[in-house]
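Work through these short exercises with the structure open beside you. Try each task before reading its solution.

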Amino acid sequence: MTGPGGRDVVGYGPTPPTRRWLGDDRLAISLVVNYEEGSERSLPAGDATQESLTEWGAYPFPDGVRNLAMESMYEYGSRVGVWRILDVLRRHGVPATFFACAQAFEMAPAVAEAVSAAGHEVCSHGWRWEEVFGLSEEEEREHIRMAVESLERTTGSRPVGWYCRYGPSERTRRLVVEEGGFLYDSDSYADDVPYEVDVDGTSHLVVPYTADTNDIQFWLADPLATSEQFFTYLKDAFDTLYRESAQAPRMMSVGLHCRIIGRPARIAGLERFVEYASGFDGVVFTTRERIARSWRASADGPVPASPVTVIPRAEATARAGEGSWATMLVDADTVPHATSTLGLSHVLPGESTALIRHTTEEVCLVVAGSGVLRTDLGDVAFTTGDTLHIPAGRPHAIVNTGDVPAEMVFSFPGARRPRTEEVTG
């Protein structure tokens, strides 16, 4: 039953869905970095008004007079803050979703490249950081198109998620579905897990967002003051959701802004939270795209733990040649219902693979041989039958210390092959 305007005020009610995320994860944490700097309202951009919310709160400013202080506070996010956030994500090996305004990425191509190279998801945050409810339908449709085309140019791939500034118009979801290339939108604050809505006969997924576990609280009327307060608020939310997730899956969104959390006195609150939440079983830091794909996949019952395609060992060996090697056997994007990308490593006695790192976690099953997994934190010995979990971003190499070839089957969770880079120096 719906209320006026098609509102659903009931949702899942007392019987939340019991489906799980892919694997055994019970609480999915989505770190969301809002990248808006340079696309905000300003007089140089030709806008009639300019942003009023700053480090000093909202305050009146004369019409037609450029607010240089405001502009510089936003510039801090693109000049310094985003790099500080990317560093925290890299050091802890956690992925994030960037709500990116297309125009902002065009103005800072190095940021767009760094975000994409690190394997983070880019979700469209519009053509500009603008209130779409102030646009006409044709203007809004055109800005969606412009945003998609722009982000494809700056990142190399099209966004599959959509999120508006503050809130959508009554037609936004219909236009997003009409565009045809979006997997989900996050223009809702109505739940702790994804949910489906009917849009003119099309089932559309909503991955809800949040305004409370969000660093915008540093800039509001009764603001947070310290990084410890931010951490404590996130921790309390996490503890509640983790307890509830023992019975039903939960999702926790954390909203971040480069010009806000990127300040040196605040970033510690984010880092402290990542360290805290990483210590719990069944918790996964992931992107909103993976949350959406996992939710959709689990809706139809149990998901196969691995692709059903089999490549004979002889074929894989012939394909790779002699010596120590690793080869991808199945790319999940090419196999229906696959939930991971699968590969095989073969390391000869006394040899080692190159020192590399991936943008997502890796799981390895040792099927033959023995050796050590060499990392920047030291060596980890392994033997036949062991399973190795390698966190995202952790440099590692396989060293065969035995007398027979060491062989591992490895996989990457999620539906996309991760970016792998060789570590030098």
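**Exercise 1. Which residue caps the N-terminal end of H1?**

Solution. Before starting, note that this is a predicted model: local features need pLDDT of at least 70, side-chain atom pairs count only at pLDDT 80 or more, and totals for chains, interfaces and linings use all residues. Residues are numbered from 1 along each chain as its sequence is written, and side-chain values use heavy atoms, with hydrogens and water left out.

Step 1. Helices (H or I, at least four residues) and strands (E, at least two) are DSSP runs, numbered from the N terminus. Helix H1 covers residues 68-92.

Step 2. The cap is Asn67. One of its side-chain oxygens lies 3.3 Å from the backbone nitrogen of Ala69.

Step 3. Go to the other side of the helix. Gly93 follows H1, and its phi is positive, near 65 degrees.

**Exercise 2. Check the span of H1, then find its kink.**

Solution. Step 1. The expected span of a helix is 1.5 Å times one less than its number of residues. For the 25 residues of H1 that gives 36 Å.

Step 2. Compare with the model. The end C-alpha atoms of H1 are 35 Å apart, which agrees.

Step 3. Look for a bend (the angle between axes fitted to the seven residues ending at a residue and the seven starting there). H1 has a kink of about 45 degrees, centred on Gly81.

**Exercise 3. Why is helix H8 described as largely enclosed by the rest of the structure?**

Solution. Step 1. Buried means under 20% relative accessible area, exposed over 50%, and partly exposed in between (1.4 Å probe, protein chains only).

Step 2. Helix H8 runs over residues 288-298, and 8 of its 11 residues are buried, so the helix is largely enclosed. Among them are Arg288, Ile291 and Trp295.

Step 3. Now take Arg296, also in H8. Arg296 is partly exposed, at 29%.

**Exercise 4. Which residue forms a salt bridge with Arg296?**

Solution. Step 1. Side chains of opposite charge can pair when their charged atoms come close. A salt bridge is a side-chain nitrogen of Lys or Arg within 4 Å of a carboxyl oxygen of Asp or Glu. By this rule the count is 30.

Step 2. The partner of Arg296 is Glu196, with the closest N and O atoms 2.8 Å apart. Glu196 lies in strand E8 and Arg296 in helix H8, so the pair ties together parts that are 100 residues apart in sequence. Glu196 is partly exposed, at 37% relative accessibility.

**Exercise 5. Are Glu51 and Arg165 buried or exposed?**

Solution. Step 1. Glu51 has a relative accessible area of 4%, so it is buried. Arg165 has 2% relative accessibility, so it counts as buried.

Step 2. Their side chains meet in a salt bridge, 2.9 Å from N to O. This pair links distant parts of the chain, 114 residues apart: Glu51 sits in the loop between strands E1 and E2, and Arg165 in the loop between strand E6 and helix H5.

**Exercise 6. Trace a network of salt bridges.**

Solution. Step 1. Begin with Glu137 and Arg174, whose closest N and O atoms are 3.2 Å apart in a salt bridge. Glu137 is in helix H4 and Arg174 in helix H5, so the pair ties together parts 37 residues apart in sequence.

Step 2. Check their exposure. Glu137 is partly exposed at 29%, and Arg174 is partly exposed at 30%.

Step 3. Widen the view. Glu137, Glu138, Arg141, Arg174 and Glu178 are linked in a network of salt bridges.

Terms used:
Polar contact = N/O pair within 3.5 Å; in protein donor to acceptor, adjacent residues only side chain to side chain.
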